[in-house]
2 protein chains.
Amino acid sequence: MSEAKVRLYVDQPLGPGQPVSLNADQAHYLFSVMRLGPGAAVLLFNGQAGEWRATVETAGKRAGSLRCAAQTAPQVMPPDLWLLFAPIKKARTDFIVEKAVELGAARIVPVLTEFTNAERVRVDRLQAHAVEAAEQSGGTFVPEVAEPVKLARLLQDWPEGRRLIFCDEGLHDRPVGFGDLAATDAPGPWAILIGPEGGFSAAERARLHALPFARPVGLGPRILRADTAAVAAITLWQAHLGDWR
Amino acid sequence: MSEAKVRLYVDQPLGPGQPVSLNADQAHYLFSVMRLGPGAAVLLFNGQAGEWRATVETAGKRAGSLRCAAQTAPQVMPPDLWLLFAPIKKARTDFIVEKAVELGAARIVPVLTEFTNAERVRVDRLQAHAVEAAEQSGGTFVPEVAEPVKLARLLQDWPEGRRLIFCDEGLHDRPVGFGDLAATDAPGPWAILIGPEGGFSAAERARLHALPFARPVGLGPRILRADTAAVAAITLWQAHLGDWR
């Protein structure tokens, strides 16, 4: 059998002998862009059933079908970590989504804060970007990108039992603290909140500091861009509280 | 006095009353792009003397002069950490340089490995990118971007006393290990080596594992892109061995 050159996310069941039909975009990508034909091998995942090796059966311009052969990797779920971030410029927002998928976040939520200054957030585009990041990084899980929500509303409806880490730019001189959280907090669901380039407003900071489920952390003595802060915070969370331990 | 809207790196002495002359590019940026004129305030740094507030004295099309008033921030040097990375696609290489500056690396070295697959590395462009990252992130230090060097040569001429962390993609199941390094290694100079997208060759891995100054680490159970690995590794190094502690 030939080696599979393409990894594709499909929103369909996968299993031994399972047929999989392609939509127009997927058929275009496989048969026109990647120039695969009948008999070619493709790796498929659906976010729930691991990775499967499948073979092209029919290849058309706007449709096609594959059939699953064997599972090639088990399903790997990320830890229960949400990434909440204030959207910034398009390229850097895309970058945050890509890195959250690679580093292992379970859910991604754009959050509108007082100082958020972003173009309109297109959730469908960010979700497609998350799919592409999983396809390219060998992941078997695609985090949901949620609809944007205002910070005040998010905190008001906060789910019980989930702890919230927020990166406070006023804490430059304080040690990082993810290790402290690992020592004092019981295992369970978490969320990381990254503010906009302009930081949180004084009212937002005061509100966050007063919440019983919120934990302020610092991220070193230098000023980090929002996208850098997101990657650094997920990394430290994974190393101290997640599945990198 | 008006608020300074521009931060500029200048390769000139800074001090009380010190005059600073601008080259054509800097004059264009300040006077044509940012539309500053005589009397406007600018923040300057030269990588050695902290940050200074200066005032525009003369503003021309291809030249100009400023005069330093007062120091606005002390010089902050990063820890003695080198980032060695195999260059990848242009946008992601730029990204690695930007993030290394923000997170705090002292020197950046493009390394050519067996599987490195990059366009020609333009060191002058990467150095300019490092300057821009420092200007925008409020840093007072600009790491040197060195000429590209072959991995074999780099290891042959390795400086005594500097430890080398390399991210081994074969170590997915092993805990991260930066905390272990902090527990067993004495303080001192370090380097982080990030391989290309294709990983190190078998010969390179064997050579790296045999070096007495090299420490293999893993970066979690998922496959990370080279740019993600660079940011994650510097973050963990800073938190365990650098100035984020």
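## Exercises on a predicted two-chain model

Chain B is superposed on chain A by a rotation of 180° with 0.0 Å of shift along its axis (RMSD 0.0 Å), using least squares on C-alpha atoms of residues with pLDDT of at least 70 in both. This is a predicted model, where local features need pLDDT of at least 70, side-chain atom pairs count only at pLDDT 80 or more, and totals for chains, interfaces and linings use all residues. Residues are numbered from 1 along each chain as its sequence is written, chains are lettered from A in the order written, and side-chain values use heavy atoms, without hydrogens and water.

**Exercise 1.** Work out how the two copies are related.

*Solution.* Start with the 180° rotation and 0.0 Å shift. The copies are thus related as by a two-fold rotation axis. Next, 100% of the interface residues of chain B are also interface residues in chain A, so the copies meet through the same surface.

**Exercise 2.** Describe how helix 2 (residues 90-103) and helix 7 (residues 226-241) of chain A pack.

*Solution.* Their axes, lines fitted to C-alpha atoms over the stretch in contact, lie 9 Å apart at about 10°. That makes the two helices of chain A roughly parallel (angles under 35 degrees). Contact (heavy atoms within 4.5 Å) involves residues including Phe95(A) and Ile96(A) of helix 2 and Val231(A) and Ile234(A) of helix 7.

**Exercise 3.** Place Thr116(B) in its surroundings.

*Solution.* Thr116(B) sits in the loop between strand 7 (107-112) and helix 3 (123-137) of chain B. At 19% relative accessibility, Thr116(B) is buried (under 20% relative accessible area, 1.4 Å probe, protein chains only). Beyond its neighbours within four places in sequence, Thr116(B) is in contact with Ala86(B), Pro87(B), Val111(B) and Pro196(B).

Terms used:
Axes fitted to C-alpha atoms, helices over the stretch in contact; angles between N-to-C directions. Helix = DSSP H or I, 4+ residues; strand = E, 2+ residues; numbered from the N terminus. Parallel < 35°, antiparallel > 145°, perpendicular 65-115°, else oblique. Buried < 20%, exposed > 50% of the residue type's maximum accessible area, 1.4 Å probe, protein only.
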